[in-house]
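Okay, thanks for coming, everyone. I'll put the structure up and walk you through how the strands, the helix and the core fit together.

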Amino acid sequence: MSLADILRNGIATARTITLPLHVIVTHKAWTGQDFEGTPTYVSTSRLALVERKQKLVRSMSGTEEMSSTRIDFIEEVAPTTPTAGFTRTNPIDVNDVFTLPDGTTGPVMAVEGFFDGGTGVPFYSTVFLG
């Protein structure tokens, strides 16, 4: 059994144990823009751990900013295929939109995850919203 297999199994166990704490989060993955310049998305519902907590994070632009919410996806988030002519950072892009069960949303400030060398996708993903 490889170290990656051990990590996959550990994350699967952590997900099972914490499943009663998960809530449904709407993830609108940005795919590009239409011909009028309006952003386009693919929407899906995901189970996640959500924590409301102010935390100073280094944003994707490189500046330190205050985050208000941490979202943990304790599973691989599949990449999204962008519209032809557009590129995105997968599996979570700064242009993605997350909506919490109470309707709260905010800009994606930072994304963390430990990549699986076999799949090229993080074993898990953490998103910090502003």
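**Strands, helix and core**

Let's start with one pair: Lys-55 sits opposite Ser-67 of β3. Keep in mind as we go that this is a predicted model. That pair belongs to a bigger pattern, since β2 and β3 run antiparallel and are joined by eight bridges. Follow the chain around the hairpin of these two strands and you pass five residues between them, with Gly-62 taking a positive phi near 100°.

Now look at the other side of β3. Here β3 runs antiparallel to β7, with five bridges joining them. If you want a landmark, find Arg-70, whose bridge partner in β7 is Phe-128.

So what is the strand order across the whole sheet? Reading across, it goes β5-β4-β1-β2-β3-β7-β6, seven strands in an open sheet with antiparallel pairing. The edges are β5, residues 105–106, and β6, residues 108–112, each of which pairs on one side only. Over at the β5 edge, β4 (residues 97–99) pairs with β5 in the antiparallel sense over two bridges. Phe-98 has Gly-106 as its bridge partner there, in β5.

Okay, the helix. α1 covers residues 3–18, so to speak, 16 residues in total, and it reaches 22 Å from first C-alpha to last, close to the 22 Å expected at 1.5 Å a residue. Which of its residues are buried? Those are Ile-11, Arg-15 and Thr-18. They end up on the same side of α1 because they cover an arc of only 80° around the axis. As a reminder, an α-helix has 3.6 residues a turn, so residues three or four places apart point the same way. What do the buried residues of α1 pack against? It's β2, residues 39–58. On the face turned away from that buried side, you find Thr-16 and Ile-17, both exposed.

Last stop, the core. The largest nonpolar core has eleven residues, including Val-25, Ala-48, Ile-71, Phe-73, Ile-92, Phe-98 and Val-127. Both β3 (64–73) and β7 (125–129) supply at least two residues of this core each. In general, nonpolar side chains tend to be buried together in soluble globular proteins.

If you click on just one core residue, try Phe-73. Setting aside neighbours within four places in sequence, Phe-73 contacts Arg-46, Leu-47, Ala-48, Ile-92, Phe-98, Tyr-124, Ser-125 and Val-127. And that Phe-98 is the one we met earlier, as the bridge partner of Gly-106.

Methods:
Residues numbered from 1 in each chain as written. Predicted model: local features only at pLDDT ≥ 70, side-chain atom pairs only at ≥ 80, totals over all residues. Heavy atoms only, no water. Core = buried A, V, L, I, M, F, W, Y, C linked by side-chain atoms within 4.5 Å. Buried < 20%, exposed > 50% of the residue type's maximum accessible area, 1.4 Å probe, protein only. Helix = DSSP H or I, 4+ residues; strand = E, 2+ residues; numbered from the N terminus. Contact = heavy atoms within 4.5 Å. Expected span 1.5 Å × (residues − 1). Arc of directions from axis to C-beta. Pairing = 2+ DSSP bridges.
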